[in-house]
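Here are my notes on the model you sent, set out as numbered points. Please read them with the structure open beside you.

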Amino acid sequence: MQHRITEPGPLLTKEGTLREPGWATELLLDYHRKDIAANSLRVKEWDYYLMTNGRWGVALTVADNGYMGLDSISFLDFENRWEKTTSPMRILPMGRTNLPETSKTGNVFSSGKGYQLLFENQGNTRRLVFHMDNFMDGKPIDGGFLLENTQQDSMVIATPFEGKPKAFYYNQKINCFRVSGSVDLDGKTYEFSPEDTFGVLDWGRGVWTYDNTWYWSSASGTVDGVTFGFNLGYGFGDTRAASENMMFYDGHAHKLERVLFQIPMKGEKEDYMSPWLFTSSDRRLNLKFQPVLDRMSKTAVGPLCSDQHQVFGRFTGTVVLDDGTPVEIRDFFGFAEKVKNKW
């Protein structure tokens with residue numbers, strides 16, 4: 001039985017431990033950086049936006065990971081199957097990025113040599129503006145998006161880490177933003193229309209342990225004219241109180257139990273570009289995932305390393321809502337990823 005958080009209150013106790021592990025459909029618990037009792041080098045905060053229409057996509061990140069800040073822009077061309085990601089780093093931001101303590105209000109701005117990102121929060125709408133001089137082969141990228149939130153519900157989870165009482169992860173995923181905007185890159189203008197472009201926000205705040213592997217999948221769009229999306233994931237922390245698995249149908253959340261990502265193997269390694277299978281322990285989700293593009297990255301600097309595979313593609317199968325109604329989806333665009341971090 002998963003625990004649902006239903007009352008507002010502080011996220012952390014006076015000792016800096018997570019007060020109430022569980023899930024919710026809004027940010028009921030209040031996060032304050034000053035309440036954290038762990039070493040400030042271990043604090044990790046980020047805002048990540050992804051906008052896609054099945055033909056192209058853009059991902060934007062501003063992160064403050066204590067010892068390292070990361071500002072990232074990705075452009076993805078799913079039709080021609082290429083992507084470019086450029087991610088300048090900042091040394092020892094230690095909270096000076098001033099990321100908001102809630103997703104409900106507050107703007108995000110970060111800049112460095114030749115680039116800047118602005119995430120402007122206007123309540124139910126958000127404006128994202130970005131520029132980078134040397135994004136791809138010495139060429140710049142410029143873009144702007146307007147995101148409209150039509151969702152009543154979102155996925156919120158408060159996760160502890162077993163054996164590390166001062167470690168936690170507080171996370172919100174807002175699916176199904178309607179998106180309009182454009183990107184100028186390499187002499188071309190890419191137009192994004194709210195009729196077929198959807199966005200997701202990954203809002204994360206917490207104190208992580210050093211060695212983690214996570215699985216995450218997200219998709220947003222429409223099914224038979226009704227807004228639909230899902231958030232699936234597992235792999236890190238103590239998730240006995242709740243999973244982060246949730247579907248959204250016409251703006252309302254439908255909670256799932258445990259989900260398994262079945263990634264095909266080729267010998268002893270994952271074959272990320274072959275079809276995956278997704279199932280849930282409550283038998284309410286059965287999806288086949290056909291990959292089209294693997295945004296992969298592997299880096300190592302001293303004791304820090306990251307091995308990422310964010311795979312974009314199309315989902316086909318059946319999901320079942322809380323009231324037992326089956327929903328058939330076909331060629332529904334989204335992504336699934338496996339990330340190993342020592343950070």
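1. A word on terms comes before the sheet itself: two strands are taken to pair if DSSP finds at least two bridges between them. The model is a predicted one, and every point below should be read with that in mind. On this footing, nine strands form an open sheet in the order 20-19-18-17-27-26-25-24-21, and the pairing is antiparallel. Its edge strands are strand 20 (252–255) and strand 21 (259–262), each of which pairs on one side only. From one strand to the next, the twist averages 20°.

2. Within that order, strand 17 and strand 27 stand side by side, and their contact can be followed residue by residue. Strand 17 covers residues 211–223 and strand 27 covers residues 326–342, and the two pair in the antiparallel sense over nine bridges. As a landmark for inspection, A219 has G334 as its bridge partner in strand 27.

3. A second antiparallel pairing deserves a look, that of strand 14 (residues 164–185) with strand 15 (residues 188–192), which runs over five bridges. Here D184 has T189 as its bridge partner in strand 15. The two strands make a hairpin with two residues between them, and in this hairpin D186 takes a positive phi near 55°.

4. Two further residues have positive phi values although neither is a glycine: L92, at about 50°, and D250, at about 55°. L92 lies in the loop between strand 8 and strand 9 (108–112), and with 41% relative accessibility it counts as partly exposed. D250 is placed in the loop between strand 19 (246–249) and strand 20, and it too is partly exposed, its relative accessible area being 48%.

5. How many salt bridges does a search of the whole structure find? The search finds 11, and three of them are taken up here and in the next two points. In general, side chains of opposite charge can pair when their charged atoms come close. R33 forms a salt bridge with E45, with the closest N and O atoms 2.9 Å apart. Because R33 lies in the loop between strand 3 (29–30) and strand 4 (43–52) while E45 belongs to strand 4, the pair ties together parts that are 12 residues apart in sequence. E45 counts as buried, at 3% relative accessibility.

6. The side chains of D196 and R55 also meet in a salt bridge, at 3.0 Å from N to O. This pair links distant parts of the chain, since D196 is in the loop between strand 15 and strand 16 (198–207) and R55 is in the loop between strand 4 and strand 5 (56–64), 141 residues apart. D196 is partly exposed, with a relative accessible area of 29%, and R55 counts as partly exposed at 28% relative accessibility. R55 has another contact to examine, for it lies over the face of W56, at 4.8 Å from the ring centre.

7. In the third salt bridge, R90 and D71 bring their closest N and O atoms to 2.9 Å. R90 lies in strand 8 (residues 89–91) and D71 in strand 6 (residues 68–77), so the pair ties together parts that are 19 residues apart in sequence. Are the two partners buried or exposed? With buried meaning under 20% relative accessible area, R90 counts as buried at 16% relative accessibility, and D71 counts as buried at 0%.

8. The aromatic side chains merit a separate inspection, as a search of the whole structure finds 39 aromatic pairs. One of them joins W276 and F278 in a stacked arrangement, 6.0 Å centre to centre and with 10° between the planes. W276 counts as buried at 1% relative accessibility, and F278 counts as buried at 0%. Both rings belong to one aromatic cluster, whose members include Y215, F228, F230, Y234 and F332. A charge over a ring is found elsewhere, where the charged end of K44 sits over the ring of W343, 4.5 Å from its centre.

9. Lastly, on cysteines, the structure holds zero disulfides. C176 counts as buried, at 0% relative accessibility, whereas C305 counts as partly exposed, at 29%.

Key
Residues are numbered from 1 along each chain as its sequence is written. This is a predicted model: local features need pLDDT of at least 70, side-chain atom pairs count only at pLDDT 80 or more; totals for chains, interfaces and linings use all residues. Side-chain values use heavy atoms; hydrogens and water are left out. Helices (H or I, at least four residues) and strands (E, at least two) are DSSP runs, numbered from the N terminus. A disulfide is a pair of cysteine sulfur atoms within 2.5 Å. Buried means under 20% relative accessible area, exposed over 50%, partly exposed in between (1.4 Å probe, protein chains only). A salt bridge is a side-chain nitrogen of Lys or Arg within 4 Å of a carboxyl oxygen of Asp or Glu. Rings of Phe, Tyr and Trp (its six-membered ring) pair if their centres lie within 6.5 Å; planes under 30 degrees apart count as stacked, over 60 as edge-to-face and the rest as tilted. A charge sits over a ring if NZ of Lys or CZ of Arg is within 6 Å of the ring centre and within 35 degrees of the ring normal. Axes are lines fitted to C-alpha atoms, for helices over the stretch in contact, and angles run from 0 to 180 degrees between N-to-C directions.
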